[in-house]
Amino acid sequence: MKILAITDPHGDYSKIKEMIEKAGDFDLVVIVGDITNFGPDEKVEELMELFDKPVFAIPGNCDQRSILKTLDASKATNLHGKTEQIGNIRFIGLGGSNPTPFNTPFELSEEDIEKALEGMVCSAENDKDCGTIVLLTHAPPYGARDELPFGHVGSKAIQKFLDRVDLIVCGHIHEAKGLEQVGKTVIVNPGEACKGSCTLITLGEKEENKPIEVEFIEV
């Protein structure tokens, strides 16, 4: 499966068409938050019209909480607090972010993040039909793709799921674009879509033991 991963467009979709063209053939789009820049929610419709492939989307901390209803009504699948399975790949989504100093619209306590994720991850781990677990979060896990000049700012709740899921696609920290691995977990921050960054992620069959391939795209 080939996945076009996008984060942090912040309401500026001017480079999305070029990203799609440069990515070539893919099966699924995942959008991991900050779809708008504090609204309006209706921007969702403008973005989704650009894609002719299935889309899984979650909100970011700079989206209003009301965006959930707009996502539900759109042609995208709202994956916030939900799971979807394609073949043997289980997708788990949680939008918003851990608390920030800026009191942004969509923030969750670390306790709420852990509570929301634990049940979904545990269910995937115990499902014999689930081969690969992909976690879509706006916030990165603490200690990975989360560093600012003054230190790490990721979610300590999400950190607890490192080495339990196979792939985390996150955003939020614009300066932390890139790829790293902790245990078995590959963490990808595609970079700011509003500046022309995205990634193409290729997931092979887990039983074939193929590595997760990540290609960073700039337009």
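Trainee: Between which strand and which helix lies the loop that holds Pro-40?
Mentor: In this predicted model, local features need a pLDDT of at least 70 and side-chain atom pairs count only at pLDDT 80 or more, while totals for chains, interfaces and linings use all residues. Residues are numbered from 1 along each chain as its sequence is written, and side-chain values use heavy atoms, with hydrogens and water left out. Helices (H or I, at least four residues) and strands (E, at least two) are DSSP runs, numbered from the N terminus. With those terms in hand, Pro-40 can be placed in the loop between strand 2 (28-32) and helix 2 (43-48).

Trainee: What is omega of the cis peptide bond that joins Gly-39 and Pro-40?
Mentor: Pro-40 is the loop residue that we have just placed between strand 2 and helix 2. The peptide bond that joins Gly-39 to this proline is cis, and its omega is about -5 degrees.

Trainee: What is phi of Asp-34?
Mentor: Asp-34 is also found in the loop between strand 2 and helix 2. Its phi is positive in a residue other than glycine, with a value near 50 degrees.

Trainee: Which are the edge strands of the open sheet with the order 4-3-2-1-13-14?
Mentor: Two strands pair if DSSP finds at least two bridges between them. Six strands form this open sheet, and their pairing is mixed. An edge strand pairs on one side only, and here that describes strand 4 (77-78) and strand 14 (213-218).

Trainee: Which residue of strand 13 stands opposite Ala-5?
Mentor: Strand 1 (residues 2-6) and strand 13 (residues 197-202) pair in the antiparallel sense, over four bridges. In that pairing, the residue standing opposite Ala-5 is Thr-199.

Trainee: What angle does the direction of helix 1 make with that of strand 1?
Mentor: Helix 1 (residues 16-23) packs on this sheet and touches strand 1, strand 13 and strand 14, where contact means heavy atoms within 4.5 Å. Axes are lines fitted to C-alpha atoms, for helices over the stretch in contact, and angles run from 0 to 180 degrees between N-to-C directions. For helix 1 and strand 1 the angle is about 155 degrees.

Trainee: How much, on average, are neighbouring strands turned against each other in the sheet with the order 5-6-7-10-12-11?
Mentor: This is an open sheet of six strands with mixed pairing, and its edge strands, each pairing on one side only, are strand 5 (83-86) and strand 11. When direction is ignored, the average turn between neighbouring strands of the sheet is 20 degrees.

Trainee: Which residue of strand 7 stands opposite Phe-91?
Mentor: Strand 6 (residues 89-94) pairs with strand 7 (residues 132-137) in the parallel sense, over six bridges. Within this pair, the residue opposite Phe-91 is Val-134.

Trainee: Which strands does helix 4 touch?
Mentor: Helix 4 (residues 110-125) packs on the sheet, and its direction makes about 175 degrees with that of strand 6. The strands that helix 4 touches are strand 5, strand 6 and strand 7.

Trainee: Which residue in the turn between strand 11 and strand 12 has a positive phi?
Mentor: Strand 11 (residues 178-182) and strand 12 (residues 185-189) pair in the antiparallel sense over five bridges, and Glu-180 stands opposite Ile-187 in strand 12. The two strands form a hairpin with two residues between them, and the turn residue with a positive phi, about 60 degrees, is Gly-183.

Trainee: How far apart are the end C-alpha atoms of residues 1-175?
Mentor: UniProt lists residues 1-175, in an unreviewed entry, as "domain: Calcineurin-like phosphoesterase"; its annotations may be inferred rather than shown by experiment. Over this range the chain is 23% helix and 22% strand, and the distance between the end C-alpha atoms is 28 Å.
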